[in-house]
Amino acid sequence: MGIVGAGPAGLLLSHLLHLEGIESVVLESRSRDYVEHRVRAGVLEHGVTELLVASGVGERLRAEGLVHHGIELRFDRERHRVPLSDLADGRSITVYGQQEVVKDLIAARLATGGAVLFDAACTGVDTSSPSTATIAYRVDGRDEVLECDMVAGCDGFHGVTRAAAPAGTLRALDHTHPFAWLGILASVAPSTDELVYCRHERGFAMHSMRSHEVSRLYLQVGPEEDVAEWPDDRIWEELATRFTTSDGWALESGPVTEKGITAMKSFVVEPMQWRRVFLAGDSAHIVPPTGAKGMNLAVADVRTLAAALTAWFRTGDEARLSSYSDDCLRRVWRAQEFSTYMTTMLHPLAGDDFGAALALSRLRYATSSLAASRSLAENYVDLAGL
Ligand code: RFL
Ligand code: PHB
């Protein structure tokens, strides 16, 4: 079994297959150090945390992850708590950095003799043979090939496996949002116990965290903006303005240790499979981060794929592999809808007064109607299990 990409999708797939006695080779174009320090997602859904714990890679997650039972929606300078656990049958989310999940998975794979090759970039996948698939890759300046029964394309949005599909096999549907997120990591205790999603007329702002000492914050910015235009002082000032409340809530600032701008994209490829290649995670779909769904979907894809591959390797039964794409796409479209709902509700667009009034109405409804807040909570806390 060949797996391209050592992000959460590729590493967890390799780990889950190993638990079923199926060995794989993971090819990763970057170094181990690079993938272990790439700052990205932070929120794990309830079922995703349970899966990581049940599969034996949850020890540090249990010890260091922050379990949250609610989030705050802030608008019109007012704070509104959505009590996620009360609304979603006691389930919760865990705040734990994606790169920590990646570190835990790499450690688990290497401890059990797993083959994870770093600095090994896949250059193409040949699926012309009916009985195998061949991955071409480059390592230490040499071109190599890996003959596989099956290939999992877990190489993210900019990977190469999706592009290996014969013309006309896959259909891409996408939407680009007219804004981006500027994200920072700061060495300062979070000014909030729970995540804050804030709509302000100057733009969206978000307060998240990585630990009791490290805060993660985001600002909506223009899609073409350069991070060089955002010195630390300007970022803290803008955050403080957008987070202002009528009850005097205060934002603590501190040294910024990481800074980056991320474009906002929605993307799905259908189907997520051709011949012996199965796409999982960001290689098959991208959601804007407002719903915190990207990493959770990647985990849900490989949970489905590991079960389907296990059935096939054990008995030759193809039924679950055949329904892999449909099974995942149902969940992916639910996540797309929820992410679009959260994104459009929380991000103002210049000149769109009608849209702004609709968004405020949605926010008021989401925070005052039991039915609407329960729907939000169910999608936020455990969409991958829906
Ligand atoms: P990844 O993590 O991109 O991993 C793909 C791996 O493939 C490697 N690769 C190759 N390897 C070999 N050969 C090639 N030719 C290769 N080309 C690429 C890459 O180096 C990489 O190591 O994809 P994966 O595993 O599908 O995981 C997806 C998640 O990373 C992504 O969905 C999330 O980070 C999205 N996301 C969030 N998701 C959540 O669930 N909750 C969140 O709170 C959340 N917040 C976020 C986010 C993403 C963000 N950014 C930066 C896009 C916040 C942000 C700001
Ligand atoms: C994060 O902590 O990085 C984070 C949390 C929630 C989101 C997006 C990002 O919706």
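Strand 9 and strand 10 (residues 133-139) form an antiparallel pair joined by six bridges. The model is predicted. This briefing covers the sheet that holds these strands and the surroundings of ligand 2.

**Sheet**

- The sheet is open and has three strands in the order 9-10-11, with antiparallel pairing.
- Strand 9 (120-126) and strand 11 (142-148) are the edge strands; each has a single partner strand, so one side of each has no neighbour in the sheet.
- On average, neighbouring strands of this sheet are turned by 25 degrees against each other, direction ignored.
- Gly124 has Ala136 in strand 10 as its bridge partner.
- In general, strands of a sheet pair through backbone hydrogen bonds, in either the parallel or the antiparallel sense.

**Shell around ligand 2**

- Ligand 2 is surrounded by 14 residues, of which Tyr197, Ser208, Arg210, Tyr218 and Pro289 are the closest.
- By class, eight residues of this shell are nonpolar, three are polar and three are charged.

**Polar contacts and burial of ligand 2**

- The side chain of Ser208 places an N or O atom 2.6 Å from an oxygen atom of ligand 2.
- Tyr218 has a polar side-chain atom 2.6 Å from an oxygen atom of ligand 2.
- At Thr290 the contact comes from the backbone: an N or O atom there lies 3.4 Å from an oxygen atom of ligand 2.
- Ligand 2 exposes 280 Å² when taken alone, and the protein buries 97% of that area.
- Strand 15 (205-209) and strand 16 (215-221) are the elements that give two or more residues to the shell around ligand 2.

How values were computed:
Residues are numbered from 1 along each chain as its sequence is written. Chains are lettered from A and ligands numbered from 1 in the order in which they are written. This is a predicted model: local features need pLDDT of at least 70, side-chain atom pairs count only at pLDDT 80 or more; totals for chains, interfaces and linings use all residues. Side-chain values use heavy atoms; hydrogens and water are left out. Two strands pair if DSSP finds at least two bridges between them. Helices (H or I, at least four residues) and strands (E, at least two) are DSSP runs, numbered from the N terminus. Axes are lines fitted to C-alpha atoms, for helices over the stretch in contact, and angles run from 0 to 180 degrees between N-to-C directions. A residue is near a molecule or strand if one of its heavy atoms lies within 4 Å of it. A polar contact is a pair of N or O atoms within 3.5 Å; within protein, one must be able to donate a hydrogen and the other to accept it, and residues adjacent in sequence count only if both atoms are side-chain atoms. Accessible areas come from the Shrake-Rupley method with a 1.4 Å probe; for residues, only the protein chains shown count as cover. Ala, Val, Leu, Ile, Met, Phe, Trp, Tyr, Cys and Pro count as nonpolar, Asp, Glu, Lys and Arg as charged, and the others, Gly among them, as polar.
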